[in-house]
Amino acid sequence: MTNEELWQTVLAEVELNISKANFITWFRNTGILSKKDGQILISVPNSFTKEWLGNKYNDCILKTLHRIDSGIKDVQYVIEKPALKSTPVRKKTSSFAEQDFQLKFKETDKETNLNAKYLFENFIVGPFNELAHAAASAVSKSPGEVYNPLFIYGGVGLGKTHLIQAIGNEVIKGSEKKRIKYVTSEKFTSQIITAIRNHEVDQFKAKYRGIDILIIDDIQFLSGKEKTQEEFFHTFNDLYEKGSQIILSSDRPPKAIASLEERIRSRFEGGMIADISYPDTETRMAILKTKSLERNIELPEEILNYIASNVQKNIRELEGALNRIIAHSRLTNRIPDLETTKNLLKNLIISPQKIITPKKIIQAVADFYDIKERELMSESRKKEIVRPRQIAMFLLREEIKSSYPFIGRRFGGKDHTTAIHACEKIRRETQGNNGFLEEINLIRQRIYSL
Ligand code: ADP
Ligand code: MG
């Protein structure tokens with residue numbers, strides 16, 4: 001194996017384990033300079049990359065190298081400016097050969113924080129996200145006028161970030177100049193905390209006041225943070241009153257966000273709420289086909305079918321599986337057959353017979369309601385605890401047919417009648433209350449993805 005091939009293999013492996021943006025940032029213009037006595041010299045373009053690879057990715061790089069060639073014991077990074085090289089720079093690695101594709105991963109825009117790769121054009125629409133897409137599209141055509149706020153919710157990896165950023169990117173294309181800002185709720189929260197600490201709340205407010213379109217991602221993280229909620233509420237109102245568009249995403253509907261202030265919740269509910277559910281098989285196939293076309297590779301129906309029928313609940317994982325196949329094809333210059341595909345995806349694909357345990361259910365419920373597992377098991381009669389506890393009991397009964405005495409015991413030695421009562425109560429509530437059923441289903445999704 002040449003140094004070039006060796007590095008390609010490492011890159012292909014690393015690419016699977018880190019985000020694309022990071023991959024591009026840190027592994028562009030890197031290569032193996034030499035390999036001698038178990039030591040590998042890797043050329044990097046600048047000191048920043050050197051430090052970063054050495055600190056953050058060294059383990060991963062070394063492990064991969066070692067797996068391929070157990071004689072390799074050490075890695076060093078050497079700065080080499082590609083432009084100053086006299087000897088021909090190594091050929092483009094296969095991963096970076098996909099220039100068009102990579103162009104989309106330009107860094108996020110400094111001003112708006114939007115990533116240019118998230119567009120309506122590459123967002124695939126199916127029954128599962130039709131409503132959310134239609135609403136997003138309408139908002140992009142007349143921001144501040146149709147649905148305000150727009151609230152998109154759904155499970156992990158189903159396209160929320162893509163969709164809400166697409167709105168921003170679409171508006172940018174228009175002729176009218178608008179000030180757009182995308183921020184995650186974690187970032188928003190940390191900005192608020194810093195502002196409060198440094199007595200700069202006014203500057204913070206001023207920064208957001210001039211915005212025409214504010215996009216906040218993963219709003220569920222605001223839950224429980226009082227000060228942040230307070231500032232968020234003021235920002236929200238300021239913007240809303242002057243007709244700015246607000247776009248929010250969350251992993252659950254507003255009413256299921258624990259300890260969200262009522263006035264904020266009702267503000268959310270005053271706009272448009274749209275969900276993204278799971279893509280059906282046809283859409284999963286369409287997504288795979290489009291994404292492989294984007295990458296200039298044609299994969300046989302059989303392979304796509306295998307991926308589509310085995311990765312069902314997460315579009316990010318669907319993409320990840322596809323990436324793995326593509327990396328392998330580029331590396332070996334061959335399209336893998338079904339057996340190889342199965343092998344390559346072995347640890348990505350969760351077998352449907354995954355075992356659900358009481359522990360997983362309890363974990364998922366506690367996590368969903370943002371409480372501690374031991375609170376769930378406690379004697380506490382607090383409403384915020386009692387209800388999740390009843391829901392957990394109900395799910396133990398429904399999902400794994402636990403006996404009532406077992407359920408009682410599992411929750412801190414309670415009587416089986418307590419368990420019966422809880423299960424009956426929650427079952428009754430799910431009947432004829434779609435909102436609540438949806439909430440339960442979101443928890444189920446989590447249980448099955450644990
Ligand atoms: P979420 O924010 O809901 O966790 P993301 O928006 O990050 O999910 O989506 C995960 C990945 O799947 C992204 O790479 C995104 O581009 C892709 N993706 C999600 N939904 C679609 C879709 N409908 N069409 C094309 N790509 C999608
Ligand atoms: Mg997201």
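In this predicted model, strand 4 (residues 150-154) and strand 8 run parallel and are joined by five bridges. Within this pair, Phe-151 stands opposite Ile-273 of strand 8. As background, the strands of a sheet pair through backbone hydrogen bonds, and the pairing may be parallel or antiparallel.

**The five-stranded sheet**

Strands 4 and 8 belong to an open sheet of five strands, arranged in the order 5-6-7-4-8 with parallel pairing. The edges are occupied by strand 5 (180-184) and strand 8 (272-276); each has a single partner strand, so one side of each is left without a neighbour in the sheet. On average, neighbouring strands of this sheet are turned by 15° against each other, direction ignored.

Helices pack on this sheet as well. Helix 6 (residues 130-141) touches strand 4, strand 7 (245-250) and strand 8, and its direction makes about 135° with that of strand 8. Helix 10 (residues 226-241) lies across strand 6 (213-217) and strand 7, and runs at about 140° to strand 7.

**The three-stranded sheet**

Another open sheet consists of three strands in the order 1-2-3, and its pairing is mixed. Strand 1 (31-36) and strand 3 (74-79) form the edges; because each has a single partner strand, one side of each lacks a neighbour in the sheet. Here neighbouring strands are turned by 25° against each other on average, direction ignored.

Strand 1 pairs with strand 2 (residues 39-44) in the antiparallel sense, over five bridges. In this pairing, Lys-35 stands opposite Ile-40 of strand 2. Helix 3 (residues 47-68) packs on the sheet and touches strand 2 and strand 3, its direction making about 155° with that of strand 3. Helix 1 (residues 3-17) lies across strand 1 and strand 2, at about 120° to strand 1.

The following table collects the helices described above and their angles.

| Helix | Strands in contact or crossed | Angle |
|---|---|---|
| Helix 1 (residues 3-17) | strand 1 and strand 2 | about 120° to strand 1 |
| Helix 3 (residues 47-68) | strand 2 and strand 3 | about 155° with strand 3 |
| Helix 6 (residues 130-141) | strand 4, strand 7 and strand 8 | about 135° with strand 8 |
| Helix 10 (residues 226-241) | strand 6 and strand 7 | about 140° to strand 7 |

**Cysteines**

A disulfide is a covalent bond between the sulfur atoms of two cysteines. A search of the whole structure finds zero disulfides. Cys-60 has 22% relative accessibility and therefore counts as partly exposed. Cys-423, at 0% relative accessibility, counts as buried, because buried means under 20% relative accessible area.

Methods
Residues are numbered from 1 along each chain as its sequence is written. Chains are lettered from A and ligands numbered from 1 in the order in which they are written. This is a predicted model: local features need pLDDT of at least 70, side-chain atom pairs count only at pLDDT 80 or more; totals for chains, interfaces and linings use all residues. Side-chain values use heavy atoms; hydrogens and water are left out. A disulfide is a pair of cysteine sulfur atoms within 2.5 Å. Buried means under 20% relative accessible area, exposed over 50%, partly exposed in between (1.4 Å probe, protein chains only). Two strands pair if DSSP finds at least two bridges between them. Helices (H or I, at least four residues) and strands (E, at least two) are DSSP runs, numbered from the N terminus. Axes are lines fitted to C-alpha atoms, for helices over the stretch in contact, and angles run from 0 to 180 degrees between N-to-C directions. Contact means heavy atoms within 4.5 Å.
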